[in-house]
Structure formats: C-alpha cells, structure tokens
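User: I'd like a close look at a single part of this model, the place where one long-standing question of mine sits: how do the helices pack there? Please take me through it in one go.

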Amino acid sequence: MKKRVPLLITFITGFIVIVSFFVPHRPFGALETETLIWYSIILGFTLLIGVDSLVRLHTRQIRRKKKGWWYSIVFFAGFFYCLTIGIISLIRTPNPFQPGTVFFYGYETILIPLQSTMFALLAFFVASASYRAFRARNLDATLLLITAVIVMIGRVPAGHKLWTRLPGIANWVFDVLQMGPMRGIMIGVALGAVAMSLRLILGIERTYLS
Amino acid sequence: MSISTSIWIWIAALLTLMIYSFLYKDNPFYRLAEHIFMGLSLGYTLVILWYDYIIPRIYQPLFFSPHQWSLIFPILLGMMTFGIFSKKYNWLIKYPLAFYVSAFAAIQIPVMLRSWILKQVEASFLTPDKFSSVFNSINAILIFVGLVTTLIYFYFSKKREHGFGAAATVGIVFIMVAFGAAFGYTVMARISLLIGRMQFLIQDWLGIM
C-alpha cells in the first residue's frame, strides 16, 4: 500500500503519457490532456507545501529568537505586503497583473529591481571566476581565454572600434564553432534524461519514494 | 542634476544599494534587502497560485457550468500532499509525488527525443543545400566535426587510442571553444544587467544624465 500503489501510479501515468504521444487518437489523446490537467493541479498543491515550509522556518526563527530573528519579521512584512496588495488587486480587478493595478505597481517598482540587482551582483563574481578560469596555463585554458575574449569584445561597441570585423568573428564563433559541441552536449543530456525517465517509470529508480 | 522625488524610485534605489553593499562583505543592509526580496517573492507566488491555479483550474471548473466533477480526483490526490504534516499519514504524500514525478518524466521523453536529439541530429546532417558556397560548406563541416568529436570525447566505453584518441583530442578543443564562448556570453549578459542597474541609479534616481 505504501510502496506498491505509488509504483503502480508511476507506471500507469508514465505509460499513458508516452503512449498518447505516439497514439494521439481516442482514448489516449484525451487521456494525455486530462493527465496534464491533473499534473498542473497537483503542482499547485506542491507549491503550497513549499510556501508552508518557508513560513514555518521563519516562524520558528522568531519563536526561538535565533540569531538574526528580526530578519524573519522583515520577511513576513514583505510577504504580507505582497499578499495584501495582491488580494486588494484581485478584489478590485479580475486581473491583478494588468498595468495600473497596485499589485503590478509593487511588482514593477520593488520586485523587478530587486531581482535584476541580485542577478547583476553576479557580474562581479563571474568576473572574479573568469580571472581564475582564463589564466592561460595550458592549451585548453588558452582556447577558453581566446574564445571568451573574442565573444566579449566582439559584442560591445569597443570591439567594433578596435577592428570592424571583430563582431562578425564573435558571431561566427557563437554560431558555428560553439554549435557542434553544444549540440553534442545537448544530445548527451537528452539521452541521460530519457534513460532516467524510463528508470523512474519502470520502477527501477525509487529514491523519490524513500 | 535633478534627484527623483518619487518614493518608489527611492525605495528601489536604496534596495539596489543595499544589495550591492554585499560586495564589501555580508552585512545587515544586504540581509535586510534579501529578506524583503524573499518575502515579496513568496507573496507573489501565492497570488500567482491563486490566480493561475486555484481560480481557473479548480474553482471555475467545479462551481460553474459545465461542472467537471472528475477534477475531484486530482484535487483529492493533491490534498494528499498535506499528509506530510502528520507523522502517522505522511506516507500519503507518496501518491501525488508518484503521479507528479511520473507525469513529468513521461512528458520529458518525447520532448527530449524530438527537440534535443532528433532535431539536433537533423540540423547537423551534411545535406546538399549546406554546400551552397565555400563559406557555408566550411561552416557545415565544422559543425558536423564539432558534434561528432564531442560525442566521441564523452564516450568512455572504448579505450582512447589511434584514431579514436585523436578524435577525442579534437573534441576537447571544440568543447573548450564552446565553453569559452558560453562563458563570455554569460559574463556579457551579467554585465549588461549591471549597466541597467547603474543607469537606473544615475539617470532615474540621481538624474545626472
């Protein structure tokens, strides 16, 4: 009951979805659509579990007065602020995501700047990592260095000023030299993903049930 | 120079500076902005959940005509995830998890086979139309050689000697070039984001330019 039924669910679901891809006629075609609807509904519930987990973590931090517990209060302030303006926008308009709503305004002015700054912060760490990676110690590292420099300089106006053909060369490196290996890596990743998926569906891989 | 008078611009600018303060070292300002970001993201996720999942996929099909009563089954299956809160019934989560993992894996198989394998192989074939000019011919051959030698490099079930070893060596050259290009591209993408934030601070907030 605790192990066999989940394994049976795994096999039947996987079988239906795969067969419906190769046999798009009745009843499999309709079953695939139905399975995808079920999938999205269950995804919603799993998201709720994630939200609950984070809320519990911060509640515990505050209750036990752990080091830096007041950051958890800030977390809840942000959480309830966003939730409140979301509810207000939902009551006022059928679509809270449309421009002009309080929710959209909060998203545009706070969440997006925070998100892009977080990613922009990585620029400094990538630059520091590239200093270590690009040191020309051997042939492989030298190739990495040369290609990265061509791509970086070729994609900024300074590259064009330096040599008018540099942007063209950078594009050629990106569209031709990079294409073959990237396709090879994609094929390898896909073969691994398909093998793993089959292992899951056939019940060989069971770690997710433990 | 005309500094912005909008409270929202000031909030966004101060939060931006708080995050950049991490470049000096981990400090309370950064952690404050980080926790605001986490809280807002979570609130945003809940609103999306309500708007994109609960209303169109559960509430409307169940309570409005034509009623789709069959949705009760995935809802019940989904509610089994709440079993995680009970020590006695936490095994119930295995049912929705089994469905979720299996559906995701099964959806991946045709997608991977079609887009990540067949389409890539098809695009790399040396068909006559790829030899329309000398330049195009060289490009097509380079892509083909890059693909084959990369695959050879990652094939570890055969000893690397003679032609196979040489092909693997060519493969690593192509791989390094590809990684270099990808790395350079990533650096530039991050730098352009940084420029965007700097433009916001200098133009929108301080009004210098």
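Analyst: Happy to help; what follows is a walk around helix α2 of chain A, its partners, and the setting they sit in.

A word on confidence to begin with. This is a predicted model, and its scores are ipTM 0.83 and pTM 0.82. The average pLDDT of chain A is 88, and 100% of its residues score at least 70. For chain B the average is 91, again with 100% of the residues at 70 or above. Within chain A, helix α8 (residues 179-201) has the highest confidence, at 95, while helix α4 (residues 102-133) has the lowest, at a mean of 84.

Now to the helix itself. Which helix of chain B comes within 10 Å of α2(A), axis to axis? It is the α2 helix of chain B: both helices span residues 28-63 of their own chains, and their axes cross at roughly 150 degrees. Because an angle over 145 degrees counts as roughly antiparallel, α2(A) is roughly antiparallel to α2(B). The crossing of this pair is left-handed.

If you want to find the contact on screen, select the residues on each side. From α2(A) come I37(A), S40(A), I41(A), G44(A), L47(A), L48(A), V51(A) and L54(A). Facing them in α2(B) are L42(B), T45(B), L46(B), L49(B), Y53(B), I54(B), R57(B) and I58(B). Sorted by class, the contact of α2(A) with α2(B) holds 12 nonpolar residues, three polar ones and one charged one.

That helix pair belongs to a wider contact between the chains, to which chain B gives 94 residues and chain A gives 93. On the side of chain B that touches chain A, the elements giving two or more residues are α1 (7-20), α2, α3 (72-79), α4 (94-124), α5 (134-153) and α6 (162-205) of chain B. The largest share of that side comes from α6(B), with 23 residues. By class, the side of chain B that touches chain A has 71 nonpolar, 18 polar and five charged residues.

Back inside chain A, α2(A) also packs against helices of its own chain. One of them is helix α1 (residues 4-22): its axis and that of α2(A) come within 8 Å and cross at roughly 125 degrees. That angle makes α1(A) oblique to α2(A), and their crossing is left-handed. The α1(A) side of this contact consists of T13(A), I16(A), V17(A), V19(A) and S20(A), and the α2(A) side of F28(A), G29(A), L31(A), E32(A) and T35(A). Those residues of the contact of α1(A) with α2(A) divide into five nonpolar, four polar and one charged.

Another partner is helix α3 (residues 70-92) of chain A, which packs on α2(A) at an angle of about 140 degrees with the axes 8 Å apart. The two helices, α2(A) and α3(A), are therefore oblique to each other. This crossing, too, is left-handed. Here H58(A), Q61(A) and I62(A) of α2(A) meet S72(A), I73(A), F75(A) and F76(A) of α3(A). The contact of α2(A) with α3(A) counts four nonpolar residues, three polar ones and no charged ones.

Finally, the domains give you a map for placing all this. Chain A is divided into domain 1 (1-66), domain 2 (69-123) and domain 3 (134-204). The C-alpha centres of domain 1 and domain 3 of chain A are 35 Å apart. In chain B the assignment gives domain 1 (1-67), domain 2 (72-124) and domain 3 (134-209), and the C-alpha centres of domain 1 and domain 2 of chain B are separated by 28 Å.

Technical notes
Residues are numbered from 1 along each chain as its sequence is written. Chains are lettered from A and ligands numbered from 1 in the order in which they are written. This is a predicted model: local features need pLDDT of at least 70, side-chain atom pairs count only at pLDDT 80 or more; totals for chains, interfaces and linings use all residues. Axes are lines fitted to C-alpha atoms, for helices over the stretch in contact, and angles run from 0 to 180 degrees between N-to-C directions. Helices (H or I, at least four residues) and strands (E, at least two) are DSSP runs, numbered from the N terminus. Angles under 35 degrees count as roughly parallel, over 145 as roughly antiparallel, 65 to 115 as roughly perpendicular and the rest as oblique. A crossing is left-handed if the near helix is turned anticlockwise from the far one by less than a right angle, and right-handed if clockwise. Two residues are in contact if their C-beta atoms, placed from the backbone, lie within 7 Å. Ala, Val, Leu, Ile, Met, Phe, Trp, Tyr, Cys and Pro count as nonpolar, Asp, Glu, Lys and Arg as charged, and the others, Gly among them, as polar. Domain bounds come from an automatic or database domain assignment. pLDDT is the predictor's confidence in each residue, from 0 to 100.
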